[in-house]
Amino acid sequence: MGRQIILNTSLYFSPTGTTRRIVKSVSAGLAMRPREFDLTLPSVRDKGLSLERDEVLSLAFPVYHGRLPILVKDFLLKLPNGKRPVVAMVVYGNRAYGDSLLELFDLCRAKGYEVVAAAAFVGEHSYSHVMGKGRPDPADEERARCFGLAARQTLLGDAYLTDKALLAKAKRPYRPYPQRLEFCPTTSRRCANCLTCVKLCPVGAFINGDPKNIDLERCILCAACVKFCPERAKSIGDDDFCDDMAALAAANLDRKEPQIFLP
Ligand SMILES: Cc1cc2nc3c(=O)[nH]c(=O)nc-3n(C[C@H](O)[C@H](O)[C@H](O)COP(=O)(O)O)c2cc1C
């Protein structure tokens, strides 16, 4: 007998907004009653959440260094265990998604969840306007909608995904997280004190709400403050970092396509 699913609960983290856009398109394809938890801001993460019966969890997260962001992992580990279907997604900046999708799959399985469909989508890179420029674009959004539709078909049956296809692209143990970078975004004189950055920071890293004063220990270098500053007053990184990013961008100008995994 197939599953009886009527509710689509999306959980996503999206400091620069690309993951959020993918989730919207996938949800359109899934075409179920939507429930949404945007975990980007601490106020939502701090509340925690209760899960319903008869729901599919749509989990979508950006790739950080070929892995899941650490704070996302910490949040997911606290979700209740139990048998429930999941649509698992990562969004990466046109470089590589590394072990992140396998890591998400493993985390779901460890909780007793069944992954019915998985995908890696491309979004404009948080640190670049060149890598994955303008993505997701309309073609990506259509692919995401079709992926949602395919996931819906899988949900109506009993099948779920194994790790076999994912292991062709990734491996355990996962690559290690790199060492913390010893800088955080800097603010130029263009700053108009509008506080957009303070409001959008996913980790409350602005000390006393001051847009020019960032706590180095808290900042996760997600680039939300850089990408959304209306005055373009924020920038990230020293000369070495900017050179590395330019080299990375030059090596990743090709268009990577979404990768879809279905049972
Ligand atoms: C700390 C950090 C590490 C990242 N690592 C990778 C990576 O390993 N591979 C990649 O292709 N993109 C990487 N990116 C880019 C993001 O995965 C990509 O831009 C994603 O679309 C951002 O999602 P968001 O717009 O929902 O925040 C990284 C971004 C950040 C901030």
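Student: Is Asp54 buried or exposed?

Tutor: Asp54 counts as exposed because 12 C-beta neighbours lie inside 10 Å. A residue is exposed if 12 or fewer other C-beta atoms lie within 10 Å of its own, buried if 20 or more do, and partly exposed in between, with the C-beta atoms placed from the backbone. Please note that this is a predicted model, in which local features need pLDDT of at least 70, side-chain atom pairs count only at pLDDT 80 or more, and totals for chains, interfaces and linings use all residues. Residues are numbered from 1 along each chain as its sequence is written.

Student: Where is Asp54 placed, and what is the sign of its phi?

Tutor: Asp54 lies in the loop between helix 2 (42-47) and strand 3 (55-62). Helices (H or I, at least four residues) and strands (E, at least two) are DSSP runs, numbered from the N terminus. The phi of Asp54 is positive, about 60°, although Asp54 is not a glycine.

Student: What is the phi of Asn208, and is Asn208 buried or exposed?

Tutor: Asn208, which is not a glycine, has a positive phi of about 55°. Asn208 is exposed, because 6 other C-beta atoms lie within 10 Å. Its place is the loop between helix 7 (196-200) and helix 8 (224-228).

Student: Is the peptide bond from Arg135 to Pro136 cis or trans?

Tutor: That bond, from Arg135 to Pro136, is cis, with omega near 5°. Pro136 sits in the loop between strand 5 (114-122) and helix 5 (138-156).

Student: Which bond joins Arg172 and Pro173?

Tutor: Arg172 and Pro173 are joined by a cis peptide bond, with omega about -10°. Pro173 belongs to the loop between helix 6 (164-167) and strand 6 (186-187).
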